[in-house]
Amino acid sequence: EVEARSLPMELSEKGGVENNGFVQNEAFEDKETDTSSQEEVPKTCSVDVDLVAVEETVLKPYAGMPKEVLLQFSSQARYRITREILFWLIIAGAVALVCATISIIALSPKCLDWWQASPIYQIYPRSFKDSDMDGNGDLKGIQEKLDHITYLNIKTVWITSFFKSPLKDLGYGAEDFYDIDPIFGSMRDFENLIAAIHDKGLKVIMDLIPNHTSDKHRWFQLSRNRTGKYTDYYIWQNCTQAAGSVIPPNNWVSVFGNSSWQFDDVRKQCYFHQFGKEQPDLNFRNLAVQQEIQDIIKFWLGKGVDGLSFGTVKFLLEAKHLRDEPPVNKSQNGESITAYSQLYHDYTTTQVGLHDIIRSFRHTMSQFSREPGRYRFMGTDDNEKEDIEATMMYYGTNFIQEADFPFNFNLINVKNLLGSSVSEAVDLWMKNMPAGKWPNWAVGSPNAARISTRVGKEYVNVMNMLLLTLPGTPVTYYGEEIGMENIASENVSEEHVNSGPVVATLPEKSPMQWDGEVNAGFTEGNSSWLPVNSNYQSVNVEIQSTWSNSTLSLYRALTLLRNNELPMNRGWMCHVWSDSDVFVYVRELDGLDRVFMMVLNFGQESTIDLKAIVPNLPSEAVIRLSTHFSNAGEVVNTKLIKTEMGEGLVLEYKTAKPVHTMEAFQGKCFVAEKACYSKALDLLYVNC
């Protein structure tokens, strides 16, 4: 007899199997045998089983358990808590990663755009490379020589005007804004050039002169005949005729001299021209004219051009009242005034409404900048020699953008080359530039004598060193990287362009000197449109590429330094010292202990004690680059820095006390696109 809590259970000796936590016994069926074959099988046995113990048997998880069993385990505290901990750890990690990413983006400075990161190489296309043996450079020639651009470590090409034109002013008076002059090639050649430039990872800027057209332009022909909307596309005024001569409406004088009014026999009126009489000014007070220029901008941007340089924009508007402009010399007889410099041009330049037009150009270009990586650069090319404030207005404001920068010709305009005059030209731009804007520099242009001719061959290297170590975007005119000189003026005559006023600017437009072969490798034809400089056998790309101490080799080393060193491409610039001989400045970056100091000699041999000028300056510095290549790598005593006439040094040293943090140099330091370096994270950030 069993107790009330127990229950007798009969188990077969064969069939009684222990359930070990629901672990399957795969061999169970294999072990079954025919019970009939057994001789003796105990029939039953009686055992006592505790029912409570059976119910309290602990189940263990096993592979392949059914859903119902799995749910029993998942609800247990030890599994639920572990699962929740892992879930919240993943969420916290994801949030931390997002926050870190947002912080890095928020703290990181804006990346330099393509027009900031690389020097700009300016090409006068008629003089760069002739591909068809006619003696004139062309678009195919530029395409053939793109490797030279990349060899210079430059990624932006600026091509001056190539519109269809009578070439009266070397191509700046367009006969058709939508076509290529045949002397340079065809539209297909231009499209191929754009594709080749972009294939090499380069960008291209082109000129656009909206102020005037050629008198051969279709618009002018229709306007002189008073045809429809074109009647007022130009500025027409009645002229008084007396004794067979024409008396203009006022005393306004053209840039090239003499009256800026020209009588037209067809319309029987005078038209206004700020430049040559073959270049009538467009009437920008006519909204239809403004729309025509907008359409031209859209056309060339649609062709793939990455940027436009708008030239002569200060001349776009004239005063409506047509009053005489005041003479510089008030006692001068008005009838004797024939030169542009004899008048104050209060009514023919920078008139009210001008910047509204510039902003409209910017708005049109911005429409093409929405595609990622395709920002369209806009520059303005007006040499306001006497009015730096007027130049700075082309930057626009913090709220309304105009040009990315107006081109800076201060260094070209330096009259007497001295260390002090160069530093004044640099300070003039940096002190007047609006906060947050980007500077630029040029030491050569199609309208200025080359460095070698303007200041002397001995200063070519130091001028290039200045250009490529100042903050901002440097602009190099073709040939300056090898020290080309003007050709002799007696080798140039009006027959080259059929226009007297522009003959004076031809000597700096001589053909590029590629090698020592006939015509300097510029053309395989019998002659070139302008004579090649007689020094081409010693001053050319081919031979200088083999000399370690050549102007070309130094230029490449400087562009490489600028591209690779953070303080050079976006750091502080501090004016340390200048006198009649030397100009000294540093380039440094917050958080980086490495500093570059430029000691540039624009006068005579000089010795300077820099340690006495700059507190905490290390007693020694290493020459990173020198205009005398053999000096590179030498260690110099900063108490005794010697430079010869035209010598330039890039010194490198380490310090924990940068110049821009010193009280003595407050007001002498400038920075654009400020950034700080974190050595621990090896990245840039903005909140220094």
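## Pairing in a three-strand sheet

Two strands count as paired if DSSP finds at least two bridges between them. In this predicted model, β11 and strand β12 (residues 269-272) meet that mark, with four bridges joining them. The two run antiparallel. One residue facing another across this pair is Asp264, which stands opposite Gln269 in β12.

β11 and β12 belong to an open sheet of three strands, ordered β8-β12-β11, with antiparallel pairing. β8 (236-237) and β11 (261-264) are the edges. Each has a single partner strand, so one side of each has no neighbour in the sheet.

## The chain as a whole

The protein chain has 688 residues, and buried residues make up 51% of them. It holds 18 helices and 28 strands.

Contacts reach across the sequence. Take those between residues at least 6 apart: 68% of them join residues at least 24 apart.

## A seven-strand sheet

A second open sheet has seven strands. Their order is β23-β22-β25-β20-β19-β18-β26, and the pairing is antiparallel. The edges are β23 (635-637) and β26 (669-670), each of which pairs on one side only. Helix α16 (residues 551-564) packs on this sheet. The helix touches β20 (594-601), β22 (620-626) and β25 (648-654). Its direction makes about 120° with that of β22.

Strands of a sheet pair through backbone hydrogen bonds, either parallel or antiparallel. Here β22 has partners in both β23 and β25. Three bridges join β22 to β23, in the antiparallel sense. Glu620 has Asn637 of β23 as its bridge partner. Four bridges join β22 to β25, also antiparallel. Ile623 is bridged to Leu651 in β25. Towards the other edge, strand β18 (residues 572-578) pairs with β26 over two bridges, antiparallel. Met573 stands opposite Phe670 in β26.

## Helix α7

Does the length of α7 come out shorter, longer or as expected? Helix α7 (residues 187-199) has 13 residues, and at 1.5 Å a residue these should span 18 Å. The end C-alpha atoms are 18 Å apart, which agrees.

The buried residues of α7 are Met187, Asp189, Phe190, Leu193, Ile194, Ala196 and Ile197. An α-helix has 3.6 residues a turn, so residues three or four places apart point the same way. The buried residues of α7 pack against several elements. Among the helices are α5 (139-144), α6 (146-151) and α9 (287-302). The strands include β4 (156-159), β6 (176-180) and β7 (203-208). Gly201 follows α7 and has a positive phi, near 75°.

## Cavities

How many cavities of 30 Å³ or more does a search of the whole structure find? The search finds four. The largest has a volume of about 60 Å³.

Residues lining the largest cavity include Asp382, Asn383, Glu384, Lys385, Ile388 and Thr391. Its lining also includes Phe407, Asn408, Phe409, Asn410, Asn413 and Trp429.

## Tyr230 and Ser678

Tyr230 lies in the loop between α8 (218-224) and β8. Is Tyr230 buried or exposed? Its relative accessibility is 13%, and the cut-off for buried is under 20%, so Tyr230 counts as buried. Leaving aside neighbours within four places in sequence, Tyr230 is in contact with Arg218, Trp219, Leu222, Ser223 and Glu292. The C-alpha atoms of Tyr230 and Phe220 are 7.8 Å apart, although the two residues are ten places apart along the chain.

Ser678 is in strand β27 (residues 676-678). It is buried, with a relative accessible area of 15%. Residues up to four places away in sequence aside, Ser678 touches Leu683 and Tyr685.

## Two asparagines with positive phi

Asn519 is not a glycine, yet its phi is positive, about 60°. Asn519 sits in the loop between β17 (473-477) and α15 (541-544). At 13% relative accessibility, Asn519 counts as buried.

Asn616 also has a positive phi, near 65°, in a residue other than glycine. Its place is the loop between α18 (610-613) and β22. Is Asn616 buried or exposed? The relative accessibility of Asn616 is 53%, and exposed means over 50%, so Asn616 counts as exposed.

Key:
Residues numbered from 1 in each chain as written. Predicted model: local features only at pLDDT ≥ 70, side-chain atom pairs only at ≥ 80, totals over all residues. Heavy atoms only, no water. Contact = heavy atoms within 4.5 Å. Axes fitted to C-alpha atoms, helices over the stretch in contact; angles between N-to-C directions. Expected span 1.5 Å × (residues − 1). Buried < 20%, exposed > 50% of the residue type's maximum accessible area, 1.4 Å probe, protein only. 1 Å grid on protein atoms, 1.4 Å probe; cavity = no way out; pocket = protein on both sides within 12 Å on 5 of 7 lines; lining within 4 Å. Points joined across faces, edges and corners; volume = space filled by probe spheres on them.
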